[in-house]
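Please look through the model shown below. The text after it goes through its parts in turn.

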Amino acid sequence: MRKKVIFRGVALPYLLLVPQLAVTIVFFFWPAGMAVWQSTLRQDAFGLRTEFVAFENFLDLFGDALYLNAAWNTVIFSSSVAALALGAALFLAVQADKHIRGAGLYKTLLIWPYAVAPALAAVLWLFIFHPSIGLVGRAFGAIGIDWDYRVNGGQAMTMVVIAAAWKQVSYNFIFFLAGLQSIPTSVLEAAAIDGARPFRRFWTVIFPLLSPTAFFLLVVNLVYAFFDTFGVIHALTRGGPGNATETLIYKVYVDGVQNLNFGSSAAQSVILMVIVIALTAIQFRFIERRVHY
Amino acid sequence: MASLDIKGVQKSFGATRVLHGIDLAIADGEMVVIVGASGCGKSTLLRIVAGLETPTSGQVMIDGLDVTPLEPADRDIAMVFQTYALYPHMTVFDNMAYGLKIRGLPKAEIRQRVQEAAELLSIGQLLERKPRQLSGGQRQRVAMGRAIVRHPKLFLFDEPLSNLDAKLRVQMRAEIRRLQKRLAVTSLFVTHDQVEAMTLGDRLVVMHEGRAAQVGTPMEVWSKPADTYVASFIGSPAMNFLPATLVDGGAAARLSGGTVWRFTDGARPGGEGRPVTIGIRPEHLQQVGADGLALTVELAEPLGSETVLHGRLADGTALTARVPGVAGQEGVALAPEPGALHVFDAETGRRIDPGH
């Protein structure tokens, strides 16, 4: 039973909403508005003059090879991170859902990486993949692989994808495990009696029943890869070598904070904001519809 | 269609023994109901037959073939679950067709079989719906349909009627029996409801604490219960038990209150003074004149054509009687119908038959 409280008058309800509204206005609407405004401005190199240029910053971006490169990097990076994090988490969740000895410990350990700060996670992977001090990096060298993510863009991308995905596996794991546990055992038993082997049971019963969870996680993971992976990239590669691991969010930082090109950086932020609004809208629109029961 | 043989099946979960060696032979086309209170091991036995649990020892044979080591998928059985266990993401049609698709049957045959089963269960108009759009009774029918289309060797029912309301339960009960007779598929039906057990089974297995207390036809179990547990479990209201001792060379029993009831079906062995428990069903007690057993009525439940009287004897023993018409609210005098007395050993609870 949900209790509905009916207020007399409007003063108290508005007063109760004020803290939340204040936070939203100060930390979201205001900066977002500033970014939108700034994206229409252009400053000279010394910051002495600012002129209104309307959409010119945006038009410049779409003609900029570096920006298009960052966009392409983002597509590769995000889809790889989402695929890797979802795939690994689903596999681990299916294993953890079985009746195994020490399942509780196993589950706890799998949830840990989520508590690790992005920069720490990056350092951890640095110690694994560094060509001269990293465990795996040295092993690669020993078996004759020319491993150095500091000069090889493909290797750098692989490493940031792994580090970023690793952080997200825990989150996905929790949701997948909960999803698996909400599938009634009797349904799986019915499938077994109907003649379905484990592999077939997974693809015809378990996976379809998990698909609402998987879809939700896909959107969450894309948003994560788009926006929350700055720390990992910054600590591992700083967008390099060259611009090989420069994603859209990282380029916002580089252009805005390092190059002090505020107009362009703001325009990039606005584009990212539109993307996240679109992703969220898709999620809200489809998540309800795709639920099976 | 096949016979089913259960041989010495035992099952332990850790140190807890839930089945102490069950032996049961079910003939081709027979419907056997396993009935017992919760925790008696009846569901575990069914799940062992299905292959969802592995017995600690013993064998399950279907049609003479030892299926104990086989997966459920390889046993060619169908099961109807208490929770229906329909695939929530599939339509009714796909739910029923799932097992057939796995077996790689041609599409036309799948369609035909599903249509047949759907007509048999009158769910033809529901084939395109998802389970969540169905009522409990309809879901139950779909679950039955999913079992029927497979043409399995064996039907297993795990309390399939427990989640239905009383009226629907009676209706589905009759329908299951009709279907089972028509299809003549060997069936094992688990329930805790003794009325369901009596009406559905060709034979009953009354289970008690991991043992088969009695196996027999419903009438055998009702008229000659093997022990006091079976006697109290089968029949409603439950049988009355009165402590007594044998007198007159075993030809009669003296109740603890002093009343002597004679056995019309012969003397019981054991002789004078043997402590026994006398069982008498409430419906086998008649109202008589003043020389009957005096019952102080505490509660009278009028059922229309008859009245159930709950009360106490002079020595405080509780007793229930079912008498025709509207009966007195205070005190009645009762006597047993001839031949209606059951005699059990006071210590072991086993039935004592006349003779020997």
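The paragraphs below treat an annotated domain, a sheet and the contact between two chains.

The model is predicted. In chain B, the UniProt record, an unreviewed entry, places the feature "domain: ABC transporter" at residues 4-234. Helix accounts for 37% of this span and strand for 26%. The C-alpha atoms at the two ends of residues 4-234 of chain B are 25 Å apart.

Chain B also holds an open sheet of 5 strands, with antiparallel pairing. Read across the sheet, the order is β13-β12-β11-β14-β20. From one strand to the next, the twist averages 40 degrees. Which strands of chain B stand at the edges? They are β13 (260-262) and β20 (342-345). Each has a single partner strand, so one side of each is left without a neighbour in the sheet. For β20(B), a pairing is formed with strand β14 (residues 275-280) of chain B, in the antiparallel sense and over 4 bridges. Within β20(B), D345(B) is the residue that stands opposite V276(B).

The remaining topic is where the chains meet. Contacts join 17 residues of chain A to 18 residues of chain B, where a contact requires C-beta atoms, placed from the backbone, within 7 Å. On the side of chain A that touches chain B, α8 (185-193) and α9 (198-227) of chain A each supply at least two residues. Which element gives the most to this side of chain A? It is α8(A), with 6 residues. Sorted by class, the side of chain A that touches chain B has 10 nonpolar residues, 3 polar and 4 charged.

Key
Residues numbered from 1 in each chain as written. Chains lettered and ligands numbered in written order. Predicted model: local features only at pLDDT ≥ 70, side-chain atom pairs only at ≥ 80, totals over all residues. UniProt positions renumbered as here; feature names shortened; annotations may be inferred. Pairing = 2+ DSSP bridges. Axes fitted to C-alpha atoms, helices over the stretch in contact; angles between N-to-C directions. Contact = placed C-beta atoms within 7 Å. Nonpolar A, V, L, I, M, F, W, Y, C, P; charged D, E, K, R; others polar.
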